[in-house]
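Trainee: Could you take me slowly through one part of this protein? I would love to see how a pair of helices can pack together, and then what surrounds them.

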Amino acid sequence: MLARHHDPIAAIATAPGRGAVGIVRVSGKDISAIVQAVCGRALKPREASYLAFRDADGSTIDQGLAIHFPAPHSYTGEDVLELQAHGGPVVLQLLLARCLAAGAEADAASGRPRLAGLQGLRLAQPGEFSERAFLNGKIDLAQAEAIADLIDASTEAAARSASRSLSGEFSREIHGLRDALVHLRMLVEATLDFPEEEIDFLQQADARGQLARLQDRLAQVMARARQGALLREGIKVVIAGQPNAGKSSLLNALAGAELAIVTAIAGTTRDVVQQTIQIAGVPLHVIDTAGLRESGLPEVDEVEKIGIARAWGQIEAADAVLFLHDLTRSSLPDYRAADEAIARTLAEKLPARVPVLDCWNKHDAAPGAAVPLGGLTLSARTGEGLEALRQRLLALAGWQSAAEGLFIARERHVQALRRVAEHLDLAAAHLAAQAAALDLLAEELRLAQNALGDITGEFTSDDLLGVIFSQFCIGK
């Protein structure tokens, strides 16, 4: 731990602004002096006490509930004092200042020398209470991240999934993979370390079967993690097309609000307009952009040129592009040529992984117009085809189902699981080569375990040693 992790900390734990209740929280190795100074007496552990919060001169700052959580049975694993007062910002600042002053008074009264780099009670840094909970073993890294994800959840499905991750469901999946991987490593290490025994541990223990089952289980966890990452991150969908194709109207229709100005004048949209919508609980960040056309045309002014440049910038950073066409102009040669030019540019600028969905708008005004195979017809004005578009957008996002057991995940978790899969694939290849590649097999399994440890922050080499010593009679 760094030196600052030993400092007692304090902070206002509720959001800024006025509210019925506000909370000031203190955490440290021993905060009994602060409890006595602010509350006027010692508190029964984990029992709410209604009392007056005292200033240095004995006057009352406020009245409310005080709860003392002695270590290690607290959120941070340290002594924690929670003061629940009225939620006025001035009251909470006074209460926080009193806690900080009481901490300084306690240090002065004790006469204890401070270790180099240590301070007295100080303001907590962002996320430091949760950081201490992680460092003190109360939660793992994935659970710590789930706290922030629960707070930031933009959909009900995301909030429920974050709650499951916070309760440890995702971590239990990772621990299950880790335990199976450690057992497999144990067999490989035993084969390497004790060749004189002439016992093929790997064959007897069905190492290939264990590795295959581990890969299958990993694939299931990865699928759920990808879905959880979608719930948290969503995808960025950019609406692109020529001027007056109905891009702003489509954004308004999807959002259910008049967010973008809609006129018959080409080039009305000059800047990026963004709105996050929910489809089956998945957040989609839909972006309306300026109409795409040649910047050298005489009717294109400098402001629109900037808008077109920004539109291409958004398109290049998209997770998916919704290419909107105007059915009422689809038979015009100039319009078709411009659409084809945009399609070619999209193919050049976009990575192969970014899908482009062709949508044909204004079907209500051109009901008999032919639509290319695979295209989606709709009317932003009447709402026709919008539900089909929403389902196609979910498919583009990679959403499979709103499974009740889904847990929230982050992109770093998905990337870590991919690294695990890569190492296990290499391990399978080395295992097929048998004895000649056992040292390489052991290394790939070690790297796979390290990648799993990146998710929870729990990996140490002692984990493997503990399992080996408990399972094998090493000292025979």
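Mentor: Happy to; here is a walk through one helix pair, with some background before it and a few other places after it.

Please keep in mind that this is a predicted model. The chain has 476 residues, of which 44% count as buried. Its secondary structure comes to 15 helices and 12 strands. If you take the contacts between residues with a separation of 6 or more, 66% of them join residues 24 or more positions apart. On the outside, the chain exposes about 23,200 Å², and carbon and sulfur atoms supply 54% of that area.

Now for the close look. Two packed helices are described by the angle between their axes and the distance between the axes. Our pair is helix α6, residues 169–193, and helix α8, residues 207–233. Their axes come within 10 Å and cross at roughly 160 degrees. Because angles over 145 degrees count as roughly antiparallel, α6 is roughly antiparallel to α8. The crossing of α6 past α8 is left-handed.

Which residues of α6 and α8 meet? On the α6 side, you can pick out Glu169, Phe170, Glu173, Ile174, Gly176, Leu177, Ala180, Leu181, His183, Leu184 and Leu187. Their partners in α8 are Ala207, Gln210, Leu211, Leu214, Arg217, Leu218, Val221 and Arg224. Sorted by class, this contact of α6 with α8 has 12 nonpolar, three polar and four charged residues. Try colouring these residues on your screen and following them along both helices.

While you are on α6, stop at Ser171, which is found in this helix too. Is Ser171 buried or exposed? Ser171 has a relative accessibility of 3%, so it counts as buried, the cut-off for that being under 20%. Setting aside its neighbours within four places in sequence, Ser171 is in contact with Asp140, Ala142, Gln143 and Thr456.

A second pair makes a nice comparison. Helix α9 covers residues 247–255 and helix α12 covers residues 386–397. The axes of α9 and α12 come within 11 Å and cross at roughly 85 degrees. Since 65 to 115 degrees counts as roughly perpendicular, α9 is roughly perpendicular to α12. Here Leu250, Ala253 and Leu254 in α9 meet Leu386, Leu389 and Arg390 in α12. By class, this contact has five nonpolar residues, no polar ones and one charged one.

Let us finish in the loops, where some backbone details deserve your attention. Asn244 sits in the loop between β7 (235–241) and α9. Its phi is near 65 degrees, a positive value in a residue other than glycine. With 28% relative accessibility, Asn244 counts as partly exposed. Lys362 also has a positive phi, near 70 degrees, and again this is a residue other than glycine. You will find Lys362 in the loop between β11 (356–361) and β12 (376–377). Lys362 is partly exposed as well, at a relative accessible area of 25%. Lastly, look at Pro72, in the loop between β4 (60–69) and β5 (79–87). The peptide bond leading from Ala71 to Pro72 is cis, with omega near 0 degrees.

Note on methods: Residues are numbered from 1 along each chain as its sequence is written. This is a predicted model: local features need pLDDT of at least 70, side-chain atom pairs count only at pLDDT 80 or more; totals for chains, interfaces and linings use all residues. Side-chain values use heavy atoms; hydrogens and water are left out. Helices (H or I, at least four residues) and strands (E, at least two) are DSSP runs, numbered from the N terminus. Buried means under 20% relative accessible area, exposed over 50%, partly exposed in between (1.4 Å probe, protein chains only). Contact means heavy atoms within 4.5 Å. Accessible areas come from the Shrake-Rupley method with a 1.4 Å probe; for residues, only the protein chains shown count as cover. Axes are lines fitted to C-alpha atoms, for helices over the stretch in contact, and angles run from 0 to 180 degrees between N-to-C directions. Angles under 35 degrees count as roughly parallel, over 145 as roughly antiparallel, 65 to 115 as roughly perpendicular and the rest as oblique. A crossing is left-handed if the near helix is turned anticlockwise from the far one by less than a right angle, and right-handed if clockwise. Ala, Val, Leu, Ile, Met, Phe, Trp, Tyr, Cys and Pro count as nonpolar, Asp, Glu, Lys and Arg as charged, and the others, Gly among them, as polar.
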